[in-house]
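Let us go through the fold and the packing of this chain, question by question.

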Amino acid sequence: MSRHALLPAALLALMLAGCGTPSQPLPMAVTPANALQIRSWVPDALQRQVGVATVKGGQQTGRWWGSKVSADALQQALEESLLAVGMKPLSPEPAPRFELQAELEPLDQPMVPALGVTVGTAVRYTLVDKASGKTVYQRRIANTDEARFSEAILSPNERLRIANERALRANIDLLLRDLVTLRP
């Protein structure tokens, strides 16, 4: 290929790499293998008794650059995870006894995603007994995860999205492992 033919292809690749890629909820949800393991430890008081309040925090992904996590995406990931481990009720009636509140703090991401990307996440979780208003569980869970260069060679934003989703999946997994130790 001549240099003149390579130039438009390189410009197109750069333009596509600049498009924002929002994080998706399903890759953030707990894996089926972990859900199966955690499900066997869920205390009776939490089985089908945890609803999710509207998640706070999060950011929409910009059109041109980066990857963020929206509150809606985290909410869906939490609901899918709680359902997978048997904590979320199958229907809205009767109302669940507990309400899980979550607030996503701003992600700790690199300004320019280079070869490998490491993302830090922190979520404040509160589990409230709705009848008494008593806080049963409260914790800020912070962790990091990464995506390697080889996982998305042409798109740094894609690497950022992968790291975001992995970090939040691990965060949700830590939450669920904490919740099964409760005896409300």
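Q: How many helices and strands does the chain have?
A: This is a predicted model: local features need pLDDT of at least 70, side-chain atom pairs count only at pLDDT 80 or more, and totals for chains, interfaces and linings use all residues. Residues are numbered from 1 along each chain as its sequence is written, and side-chain values use heavy atoms, without hydrogens and water. Helices (H or I, at least four residues) and strands (E, at least two) are DSSP runs, numbered from the N terminus. The order from the N terminus is α-α-α-β-β-α-β-β-β-α, and the count is five helices and five strands.

Q: Which helix gives the most to the largest nonpolar core?
A: A nonpolar core is a set of buried (under 20% relative accessible area, 1.4 Å probe, protein chains only) Ala, Val, Leu, Ile, Met, Phe, Trp, Tyr and Cys residues joined through side-chain atoms within 4.5 Å. The largest one has 41 residues, with Leu74 and Leu78 among those with the most contacts inside it. Suppliers of at least two residues each include H3 (32-39), H4 (71-85) and H5 (156-179). With eight residues, the top contributor is H5.

Q: Is H4 roughly parallel or oblique to H5?
A: Axes are lines fitted to C-alpha atoms over the stretch in contact (heavy atoms within 4.5 Å), and angles run from 0 to 180 degrees between N-to-C directions. The axes lie 11 Å apart at about 45°. Under 35 degrees is roughly parallel, over 145 roughly antiparallel, 65 to 115 roughly perpendicular, and the rest oblique. Therefore H4 to H5 is oblique.

Conventions:
Buried means under 20% relative accessible area, exposed over 50%, partly exposed in between (1.4 Å probe, protein chains only).
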